[in-house]
Amino acid sequence: MSIEKLVDPSRRGLLAATCAAGGVVGLSTAGVLVSTFQPSERAKAAGAPVEVDIATLQPGEMRTVEWRGKPVWILRRTPEMLSSLKQTDKEVADPDSKRNPDEFTPEYCINEHRSRKPELLVAIGICTHLGCSPSTKFAPGPQPSLPDNWEGGFLCPCHGSTFDLAGRVFKNKPAPDNLVVPRHMYLSDTRILIGKDEKGEA
């Protein structure tokens, strides 16, 4: 027996309308589900290079920006900060950034100051031990959890790893490597592009 004979003629319109509405809801729900599989605009942007204006960054100041969901530090070092690196050369585990250069230090930053321009440090602010974010400890001298001859740098609050003002890890610390220097380039004297250099995107 056909469905037409089972359904009261007066209710056929209601059945057709209900089926049509259900189909619309089903299609719209499917559309929402499919759209959730697409990356959001924010997710797309998270991997893109980030341009930073450092025109107002003063000596001794640090700015933090986000790139690929990670904090990137831009520190404008003072002449005193730069001179401290000669003092820490003998105390850091990898003074010449020779460990895993492809992963931790681009070739143009394999130098004492680990940067393209001596006064500007660009580094990812994540400890290479277990991924905590170190705190800034720029003031030299004795301080809690730091040696008496502290020259300034960064202290990881999780397990006590210390890094100098070039992001180089001190000897005998939990962190095995220096802070990561991301690929970057200068678009002008006051603009940095993080996540891309002359070879392309990182």
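**View 1. The whole chain exposes about 11,300 Å².** Carbon and sulfur atoms supply 57% of that area, computed by the Shrake-Rupley method with a 1.4 Å probe, where for residues only the protein chains shown count as cover. This is a predicted model: local features need pLDDT of at least 70, side-chain atom pairs count only at pLDDT 80 or more, and totals for chains, interfaces and linings use all residues. Residues are numbered from 1 along each chain as its sequence is written, and side-chain values use heavy atoms, without hydrogens and water. Of the 202 residues, 35% count as buried (under 20% relative accessible area, 1.4 Å probe, protein chains only).

**View 2. D164 is a buried residue.** Its relative accessibility is 0%. The D164 side chain makes a polar contact with the side chain of T88, at 2.9 Å (N or O atoms within 3.5 Å; within protein, one able to donate a hydrogen and the other to accept it; residues adjacent in sequence count only if both atoms are side-chain atoms).

**View 3. F138 and F154 form an aromatic pair.** Ring centres of Phe, Tyr or Trp (its six-membered ring) must lie within 6.5 Å to pair; planes over 60 degrees apart count as edge-to-face, under 30 as stacked and the rest as tilted. This pair is edge-to-face, with 5.6 Å between centres and 80° between planes. F154 is buried, at 0%. Ring pairs join W73, F138 and F154 into a cluster.

**View 4. W150 and F170 form a tilted pair.** Their centres are 5.7 Å apart, and the planes meet at 35°. W150 is buried at 3%, and F170 is buried at 9%.

Conventions
Buried < 20%, exposed > 50% of the residue type's maximum accessible area, 1.4 Å probe, protein only.
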